[in-house]
Amino acid sequence: METFVRLSKTIRTHKAGIMASIELGVSNGRVEGLNTKIRSIIARCYGLHSAEATLALVMLSCGPIDLKLPYERAS
């Protein structure tokens, strides 16, 4: 019973934010997905010699860089 009382208080406290997220359709799913992708990249980078190399790999994978291989370029 105590758990439901605590849940009720939490919902009442955050009611405005809950209603706003439902009405606006806002979700943190994209941010969580990106965070998971970055964590997996960091896990693969164990053993690299510098943090700059890890950051470069994260930016290459998740950043706005669009690399095309020579055979993918339109002539």
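Trainee: Which residues form a nonpolar patch on the surface, and how much accessible area do they have together?
Mentor: This is a predicted model, and what follows should be read with that in mind. The elements that give two or more residues to the nonpolar patch are helix 1 and helix 2, the latter covering residues 15–24. The patch itself is formed by F4, L7, I11, I18, M19 and I22, whose accessible area together is about 590 Å².

Trainee: Is I11, which lies in helix 1, buried, partly exposed or exposed?
Mentor: A residue counts as buried under 20% relative accessible area and as exposed over 50%, with partly exposed in between. I11 has a relative accessible area of 43%, and therefore I11 is partly exposed.

Trainee: How many residues of helix 1 are buried, and what does that say about where the helix lies?
Mentor: Helix 1 runs through residues 2–13, and its twelve residues reach 17 Å from the first C-alpha to the last, close to the 16 Å expected at 1.5 Å a residue. Because none of these twelve residues is buried, helix 1 lies largely in the open, and the number asked for is zero.

Trainee: How far apart in space are I11 and V26, C-alpha to C-alpha?
Mentor: I11 is found in helix 1, and in sequence I11 and V26 are 15 residues apart. In space, taken from C-alpha to C-alpha, the separation between I11 and V26 is 18 Å.

Trainee: How many disulfides does the structure hold?
Mentor: A disulfide is a covalent bond between the sulfur atoms of two cysteines, and here the cut-off for such a pair is 2.5 Å. For C45, the nearest cysteine sulfur is that of C62, at 11 Å, and C45 is in no disulfide. C62 is likewise in no disulfide, with the sulfur of C45 as its nearest cysteine sulfur. The number of disulfides in the structure is zero.

Trainee: Which of the classes buried, partly exposed and exposed applies to C45, and which to C62?
Mentor: The limit for a buried residue is under 20% relative accessible area. C45, at 6%, is therefore buried, whereas C62, with a relative accessible area of 26%, is partly exposed.

Trainee: Leaving aside its neighbours within four places in sequence, which residues is T54 in contact with?
Mentor: T54 is found in helix 4, which spans residues 51–62, and T54 is buried, with a relative accessible area of 17%. Once the neighbours within four places in sequence are set aside, T54 is in contact with I42, C45 and L48.

Terms used
Residues numbered from 1 in each chain as written. Predicted model: local features only at pLDDT ≥ 70, side-chain atom pairs only at ≥ 80, totals over all residues. Heavy atoms only, no water. Helix = DSSP H or I, 4+ residues; strand = E, 2+ residues; numbered from the N terminus. Expected span 1.5 Å × (residues − 1). Buried < 20%, exposed > 50% of the residue type's maximum accessible area, 1.4 Å probe, protein only. Patch = residues over 30% accessible without salt bridge, like charges linked within 9 Å, V, L, I, M, F, W, Y side chains within 5 Å. Areas by Shrake-Rupley, 256 points an atom, 1.4 Å probe, with all protein chains shown as cover. Salt bridge = Lys/Arg side-chain N within 4 Å of Asp/Glu carboxyl O. Contact = heavy atoms within 4.5 Å.
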